[in-house]
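Reader: I'm new to this one, so could you walk me through it with a few questions and answers? Let's have the sequence and structure up first.

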Amino acid sequence: MTKTFEKAVTGFNHNIKHKGKVYHVQTEDSGVNNPHIITHLFVGGNILASKKTSYSDILNAESLAEVVRELMEEQHKEMLRNLINGVYDNYESAVRSYQPGQLASEADQAQAKLQAGQPMAPKPVVVPVAPVAPLLPPEVAAARALKEKPKINEVGVETLFGEDLISEKSLDEVILSYLAGEGEQ
């Protein structure tokens, strides 16, 4: 009896150097609940090309896991062959890469929309909003709501801590005093 698989087949990842740059090819399976194989070609953290193939038409095939693995291998190798054969050489010049946290300028966004054939949206109207007071942690809000301000200690620093409870006794002396009942008042 043939066992069907429910989890995704383990994918492939390869780094390959081409024309002085390191490219990363990644192929993964989404499993039988979402039966497709997707391969991405990355350069500098950006997806340069992708290929997605559905295998929903062969879900009842015998040895489905092996068949899916073969499909994944072929799709992965195809992306590698296309890279080496220069299929994606011109793609990278049209792709602008950004560092983490860096946003595209308005000019870059407009250029990308034009290249993608998307209509240009009208410039948004910016409505000024009154500044909102930052939310404070509850302990800070409670300290600020105190009716009696913290006292200045002998060092001259304000404190909320109980310096009046601190004594010159050692810990052993404090414990002995407590055990002897001297700490009760």
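What follows is a short chat about the sheet, the helix and the salt bridges.

Reader: Before we start, what kind of model is this?
Author: Residues are numbered from 1 along each chain as its sequence is written, and side-chain values use heavy atoms, with hydrogens and water left out. Local features need pLDDT of at least 70, side-chain atom pairs count only at pLDDT 80 or more, totals for chains, interfaces and linings use all residues, and the model is predicted.

Reader: In what order do the four strands of the open sheet come?
Author: Strands here are DSSP runs of E, at least two residues, while helices are runs of H or I, at least four residues, both numbered from the N terminus. Two strands pair if DSSP finds at least two bridges between them. The pairing in this open sheet is antiparallel, and the order is β1-β2-β3-β4.

Reader: And which are the edge strands?
Author: Look for strands that pair on one side only. That picks out β1 (12–18) and β4.

Reader: How many bridges join β1 to β2?
Author: Strand β2 covers residues 21–29, and β1 and β2 run antiparallel. One pairing to find is Asn-15, whose bridge partner in β2 is His-24. The bridges joining β1 to β2 number seven.

Reader: Moving along, which residue in the turn between β3 and β4 has a positive phi?
Author: Strand β3 (residues 36–43) and strand β4 (residues 46–54) pair in the antiparallel sense over eight bridges; Phe-42, for one, has Ile-47 as its bridge partner in β4. The two strands form a hairpin with two residues between them. The turn residue with a positive phi, about 60 degrees, is Gly-44.

Reader: Where does α1 lie, and at what angle to β1 does it run?
Author: Helix α1 spans residues 64–84. It lies across β1, β2, β3 and β4. Axes are lines fitted to C-alpha atoms, for helices over the stretch in contact, and angles run from 0 to 180 degrees between N-to-C directions. By that reckoning, α1 runs to β1 at about 10 degrees.

Reader: Is His-76 buried or exposed?
Author: His-76 is found in helix α1, and its contacts (heavy atoms within 4.5 Å) beyond neighbours within four places in sequence include Phe-12, Val-25 and Thr-39. Buried means under 20% relative accessible area, exposed over 50%, and partly exposed in between, using a 1.4 Å probe and protein chains only. His-76 has 3% relative accessibility, so it counts as buried.

Reader: How many salt bridges does the structure hold?
Author: A salt bridge means a side-chain nitrogen of Lys or Arg within 4 Å of a carboxyl oxygen of Asp or Glu. One of them joins Arg-81 and Glu-74 at 2.7 Å, N to O. The structure's count is three.

Reader: Which residue forms a salt bridge with Lys-19?
Author: The closest N and O atoms of the pair are 2.8 Å apart, and the partner is Asp-89. Lys-19 lies in the loop between β1 and β2 and Asp-89 in the loop between α1 and α2 (91–94), so the pair ties together parts 70 residues apart in sequence. Lys-19 is exposed at 66%, while 26% makes for a partly exposed partner, Asp-89.

Reader: Last one: which residue forms a salt bridge with Lys-51?
Author: The closest N and O atoms are 2.8 Å apart, and the partner is Glu-78. Lys-51 lies in strand β4 and the partner in helix α1, so parts 27 residues apart in sequence are tied together. Lys-51 is partly exposed at 33%, and so, at 27%, is Glu-78.
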